[in-house]
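Dear colleague,

I am handing over the structure we spoke about, and below it you will find my notes on what was found. Please read them slowly with the structure open beside you.

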Amino acid sequence: MFRKHLVLKLAIVALIIVIGAGMFASAAPGDSSDPLVSLSYINETVIPALTARLEGMVGDAKSELSDSFDNTLNEFKQSLNAETVTNALDDIGNRSEYKSVELTDGQSVTLHTGCEVLFVSGEGLTSGTLSDTTAGVSIENGRLEANHLYLCTDSVSIIADGEAELLVKGNYEVN
């Protein structure tokens, strides 16, 4: 029984191979079942057509992007006015000078990155890390000393423990 099935399977495989070889041998090159494309056809027809199509697509995308950029730029220019520019310049100027800040007991000031603080008088605690440039050390969640210059490398809060006076240069908020 097993032999009979094996012989039948081999006969079917052999028949498929013979039929496939016959079809392959009878196909003539260049007809509809086996199209033949020459190198000259590719070089003279296909490549120029693809190049023209790609150049058109790139040109359309470039034009669309340029229009979008021009529209966005015009909207931005319209949103700017002399008052906005003046306010921005004033804000920059205010951050480049030391400002006196007086805190009462429990009041805090939040310092943002790059802020400098000269702790003039009083008692203060920091919640975060400040670089004490006067002593050459880092203060983390500790007491601040009077007449020391501190540099803020990340947002930090200083909480007054009684009356405190600071000179602050940079971006800060009194809470």
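Is lysine 99 buried, partly exposed or exposed? Lysine 99 is partly exposed, because its relative accessible area is 27%, and partly exposed is the class that lies between the limits of 20% and 50%. Please keep in mind throughout that this is a predicted model, and that the values below were computed from it.

The salt bridges

The structure holds 3 salt bridges, and lysine 99 takes part in one of them, since its side chain meets that of glutamate 97 with a distance of 3.7 Å from N to O. Glutamate 97 is also partly exposed, with a relative accessible area of 43%.

Another salt bridge is found where the side chains of glutamate 123 and arginine 143 meet, at 3.4 Å from N to O. Glutamate 123 belongs to strand S3 (residues 116–127), while arginine 143 sits in the loop between strand S5 (137–140) and strand S6 (148–152), so this pair ties together parts of the chain that are 20 residues apart in sequence. As for their surroundings, glutamate 123 is partly exposed at a relative accessible area of 38%, and arginine 143 counts as partly exposed at 44% relative accessibility.

Arginine 143 also forms a salt bridge with aspartate 161, and here the closest N and O atoms are 3.2 Å apart. Aspartate 161 lies in strand S7 and arginine 143 in the loop between S5 and S6, so this pair ties together parts that are 18 residues apart in sequence. Aspartate 161 is partly exposed, with a relative accessible area of 37%. Through shared partners, the salt bridges join Glu123, Arg143 and Asp161 into one network.

The protein as a whole

How many helices and strands does the protein have? There are 3 helices and 8 strands, and if you read along the sequence you meet them in the pattern α-α-α-β-β-β-β-β-β-β-β. Of the 175 residues of the protein, 16% count as buried, and the protein exposes about 12600 Å², of which carbon and sulfur atoms supply 60%. When one takes the contacts between residues at least 6 apart in sequence, 74% of them join residues at least 24 apart.

Two residues in the strands

Which strand holds valine 101? Valine 101 lies in strand S1, which covers residues 99–103, and it counts as buried because its relative accessibility is 5%, under the limit of 20% that defines a buried residue. Leaving aside residues up to four places away in sequence, valine 101 touches Ala164, Glu165, Leu166, Val168, Tyr172 and Val174. For one of these, alanine 164, the C-alpha atom is separated from that of valine 101 by 8.4 Å, although the two residues are 63 residues apart along the chain.

Isoleucine 159 is placed in strand S7, which runs over residues 156–169, and with a relative accessible area of 35% it is partly exposed. Again not counting residues up to four places away in sequence, isoleucine 159 touches Gly106, Gln107, Ser108, Glu123, Gly124 and Leu125; among them is Glu123, which you have already met as a member of the salt-bridge network. From C-alpha to C-alpha, isoleucine 159 and asparagine 175 are 9.4 Å apart in space, and 16 residues apart in sequence.

Two patches on the surface

Which residues form the negative surface patch? The patch is formed by Asp60, Glu64, Asp67 and Asp70. One of these, glutamate 64, is found in helix H2, which spans residues 39–79, and glutamate 64 is exposed, with a relative accessible area of 60%.

There is also a nonpolar surface patch of about 470 Å², made by Val37, Leu39, Tyr41, Ile42 and Ile47. Leucine 39, one of its members, has its place in helix H2, and it counts as exposed because its relative accessibility is 61%, over the 50% above which a residue is called exposed.

When you go through the structure yourself, you could begin with Glu123, Arg143 and Asp161, which the shared salt bridges join into one network, and then turn to valine 101, which is buried at 5% relative accessibility.

With best wishes

Conventions: Residues are numbered from 1 along each chain as its sequence is written. This is a predicted model: local features need pLDDT of at least 70, side-chain atom pairs count only at pLDDT 80 or more; totals for chains, interfaces and linings use all residues. Side-chain values use heavy atoms; hydrogens and water are left out. Patches are made of residues with over 30% relative accessible area and no salt bridge: like charges are joined within 9 Å, nonpolar side chains (Val, Leu, Ile, Met, Phe, Trp, Tyr) within 5 Å. Accessible areas come from the Shrake-Rupley method with a 1.4 Å probe; for residues, only the protein chains shown count as cover. A salt bridge is a side-chain nitrogen of Lys or Arg within 4 Å of a carboxyl oxygen of Asp or Glu. Lys and Arg count as positive and Asp and Glu as negative; His and the chain ends are not counted. The place of a charge is taken as NZ of Lys, CZ of Arg, CG of Asp or CD of Glu. Helices (H or I, at least four residues) and strands (E, at least two) are DSSP runs, numbered from the N terminus. Buried means under 20% relative accessible area, exposed over 50%, partly exposed in between (1.4 Å probe, protein chains only). Contact means heavy atoms within 4.5 Å.
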